[in-house]
Amino acid sequence: MSTLAPEARRTPDGVDWELFAQRHWDRRPVRLRARPPFGLEAVHPLNVVSCAPFRAGTRFWVMPDVRFLLGDGWLRAPGTLLPDTADPTLDDYLDRLEAEVPGQGYLLTVRQPLLLDHALWSAVRDTVSGLWRHVGWPNLPLTAEVLTGDRFVQHAGAVEAPTHAALTWVLRGRMDVTLWDERGGPPPADIAEPDRDVPGARGLSAGAGELLYWPGGRRHVDTYRERCVALRLRIPVDRGLPFTALRDLLADLVHAGRDRDETVPYFPFGSGTGIGDPGGVLPRLTALGDELRGAVESERLRRTLRVRWAALRSAAGLEPIPVPRDGVAITRDTRFRRTGEIVRMADGPAHEVWAVDGNVFTLPGAAGDRVYAALGDGAETGADDVCRALAAGDDDSNDPTVLALLDRLYRLRGIDLVEEGTR
């Protein structure tokens with residue numbers, strides 16, 4: 001255990017994650033003083049870009065996902081009620097909204113918007129990494145939400161299965177949360193009434209610059225006061241969720257490996273037919289079971305899980321991930337610094353997986369240590385140094401491979417180039 005005083009152990013966001021892990025994680029709800037991963041000024045541009053495709057109506061199975069709730073209902077085609085480039089600032093948008101729907105409470109929920117902005121995505125990843133280093137790294141994706149509400153009560157958390165823990169940073173205004181511990185039985189109907197005292201329920205309230213946390217197994221009702229803005233991370237903690245993810249992965253593996261008729265086998269009919277006849281229901285379902293058993297026992301499944309975990313670990317659980325940036329021309333004279341964490345994992349006897357910002361690729365295992373050492377640990381280095389680390393003497397046969405690797409690391413934001421004027 002660290003001997004540093006709590007003040008000395010606090011990270012740039014102001015939270016002592018080690019102490020938080022010891023006292024609160026998976027134990028009890030809490031409110032803390034904490035600087036959010038990004039400021040209020042970043043919210044409006046992010047919301048505008050996220051909402052643009054939804055102005056014509058609801059879209060399904062896309063990220064970011066946008067929902068606008070007004071009064072007692074979810075508007076399927078919110079149109080001009082969503083923020084737009086014509087709104088210069090967040091306050092301009094909220095002023096316009098107040099004029100268009102006077103006296104009505106509302107909630108704008110933007111789910112998984114961080115994939116649109118790498119700087120914000122990276123800031124959130126760096127923040128939660130401080131917690132994961134003390135409690136373990138998530139093996140399922142988190143869900144990030146930017147919430148903008150005004151005099152609105154959100155009941156969804158009281159009716160959904162409480163399978164996730166939550167971290168909620170309040171960026172503006174005030175949020176009140178009523179929590180019900182699922183272990184005490186189903187929540188009473190009164191939990192949906194935020195201004196009533198509910199026996200057994202617990203209330204938390206947070207303002208700008210504060211963080212709310214509650215473990216899994218808690219149903220919740222959120223009350224957004226005037227012009228409240230918050231960032232929430234929903235963290236999967238229910239023991240059934242990994243099984244569901246594995247089930248879906250197995251289904252994908254079996255489906256991808258099949259080259260026969262995949263139509264649904266109906267029960268046969270007519271005289272002389274039976275479910276056990278060749279081509280009948282039973283043989284086809286039995287064959288499917290054999291394929292599933294083979295997938296469970298296959299090295300392909302184990303490798304897929306290794307690769308997925310390496311990717312998720314390098315993203316600190318934040319999925320989806322931002323797209324890579326454009327490449328640049330890299331030569332042996334290029335100078336750079338390693339700026340991103342590289343997660344390495346053995347991938348069989350001859351290769352290893354490298355993961356950066358949720359992206360994965362493989363390298364020959366024999367070269368991995370030399371390349372990694374040559375990249376340095378944040379100090380300025382050169383492409384020529386990496387080339388020589390893999391070459392024997394003046395042999396330059398590996399140059400194209402090394403330069404291609406550096407280009408990939410640059411596009412994935414694992415390294416940044418050093419400009420002439422910054423040396």
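Trainee: Leaving aside its neighbours within four places in sequence, which residues is L233 in contact with?
Mentor: The model is a predicted one. L233 belongs to the largest nonpolar core and is among the five residues there that touch the most other members. Beyond four places in sequence, its contacts are V124, V128, L142, T143, A144, A165, A166, L167, W169 and L318.

Trainee: Which helix gives the most residues to this largest core?
Mentor: The core holds 48 residues, and F38, F68, L167, W169 and L233 touch the most other members. The top contribution, six residues, comes from residues 118-135, which are helix 5.

Trainee: How many residues are in the other core, the one that includes W354 and F361?
Mentor: That core lies apart from the largest one. L375 and L412 are also among its members. Its residue count is 23.

Trainee: Is F361 buried or exposed?
Mentor: F361 sits in strand 16. The cut-off for buried is under 20% relative accessible area. F361 has 7% relative accessibility, so it counts as buried.

Trainee: How far apart in space are F361 and R408, C-alpha to C-alpha?
Mentor: Outside its neighbours within four places in sequence, F361 is in contact with residues including E352, V353, W354 and R408. Helix 12, residues 399-411, lies across strand 15 and strand 16. F361 and R408 are 47 residues apart in sequence, while their C-alpha distance is 9.4 Å.

Trainee: Why is one side of strand 14 and of strand 16 left without a neighbour in the sheet?
Mentor: The open sheet has three strands in the order 14-15-16, with antiparallel pairing. Strand 14 (343-347) and strand 16 (359-364) each have a single partner strand, so one side of each lacks a neighbour because they stand at the edges.

Trainee: Which residue in strand 16 is the bridge partner of E352?
Mentor: Strand 15, residues 351-356, runs antiparallel to strand 16, and six bridges join them. For E352, the bridge partner in strand 16 is L363.

Trainee: What angle does helix 9 make with strand 14?
Mentor: Helix 9, residues 299-314, packs on the sheet and touches strand 14, strand 15 and strand 16. The direction of helix 9 makes with that of strand 14 an angle of about 175 degrees.

Trainee: What arc do the buried residues of helix 10 cover around the axis?
Mentor: The buried residues of helix 10 (residues 365-375) are A367, G368, V371, A374 and L375. On the other side of helix 10, A366, D369 and A373 are exposed. The buried residues are on the same side of helix 10 because their arc is only 145 degrees.

Technical notes:
Residues numbered from 1 in each chain as written. Predicted model: local features only at pLDDT ≥ 70, side-chain atom pairs only at ≥ 80, totals over all residues. Heavy atoms only, no water. Pairing = 2+ DSSP bridges. Helix = DSSP H or I, 4+ residues; strand = E, 2+ residues; numbered from the N terminus. Contact = heavy atoms within 4.5 Å. Axes fitted to C-alpha atoms, helices over the stretch in contact; angles between N-to-C directions. Buried < 20%, exposed > 50% of the residue type's maximum accessible area, 1.4 Å probe, protein only. Core = buried A, V, L, I, M, F, W, Y, C linked by side-chain atoms within 4.5 Å. Arc of directions from axis to C-beta.
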